Amino acid sequence: MVRLNIELTMKIKGKESKNAIESIIPENRKYMSFRKTKYGYICHISGNANDVRKTLNEFLESLIFIERVAEVVDARVG
């Protein structure tokens with residue numbers, strides 16, 4: 001079995017990205033690194049393929065949840 005090591009870097013930009021990312025950084029800091037930029041955040045994940053997939057999935061689900069809550073209550077979440 002081949003053991004793949006994945007390194008993923010993504011940029012998250014947008015009007016509400018700062019508030020959304022800052023609200024979920026504490027629960028994800030153990031598995032991801034975050035760097036604040038002028039327009040949002042750069043997030044970095046590395047590890048074996050399955051761990052990266054799980055971490056990314058949970059991270060994106062958290063972002064989607066925050067986005068939906070913000071739309072429903074028509075307010076800033078963070």
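Visitor: Before we start, how do you get accessible areas?
Guide: Accessible areas come from the Shrake-Rupley method with a 1.4 Å probe. Keep in mind that this is a predicted model.

Visitor: Okay, so what does the accessible surface of the protein chain come to?
Guide: About 6,100 Å², and carbon and sulfur atoms account for 52% of that.

Visitor: How many helices and strands are there?
Guide: You'll find two helices and three strands in the protein chain. Reading from the N terminus, the order is β-α-β-β-α.

Visitor: And what box do the C-alpha atoms fill?
Guide: Along the principal axes, that box is roughly 50 × 25 × 20 Å.

Visitor: Let's pick one residue. Where does Val 52 sit?
Guide: Val 52 is part of helix α2, which covers residues 49–73.

Visitor: Buried or exposed?
Guide: Val 52 is buried, because its relative accessibility is 5% and the cut-off for buried is under 20%.

Visitor: Which residues is Val 52 in contact with?
Guide: If you skip neighbours within four places in sequence, Val 52 has contacts with Ile 6, Ile 45, Ser 46 and Gly 47.

Visitor: What separates Val 52 from Glu 27?
Guide: Along the chain they are 25 residues apart, and there are 15 Å between their C-alpha atoms.

Visitor: Back to the whole chain. What share of the residues is buried?
Guide: Of the 78 residues in the protein chain, 29% are buried.

Visitor: Last topic, charges. How many positive and negative side chains?
Guide: The protein chain has 14 positive and 10 negative ones, with the centres of the two sets 7 Å apart.

How values were computed. Residues numbered from 1 in each chain as written. Predicted model: local features only at pLDDT ≥ 70, side-chain atom pairs only at ≥ 80, totals over all residues. Heavy atoms only, no water. Helix = DSSP H or I, 4+ residues; strand = E, 2+ residues; numbered from the N terminus. Buried < 20%, exposed > 50% of the residue type's maximum accessible area, 1.4 Å probe, protein only. Lys, Arg positive; Asp, Glu negative; His and termini not counted. Charge placed at Lys NZ, Arg CZ, Asp CG, Glu CD. Contact = heavy atoms within 4.5 Å.
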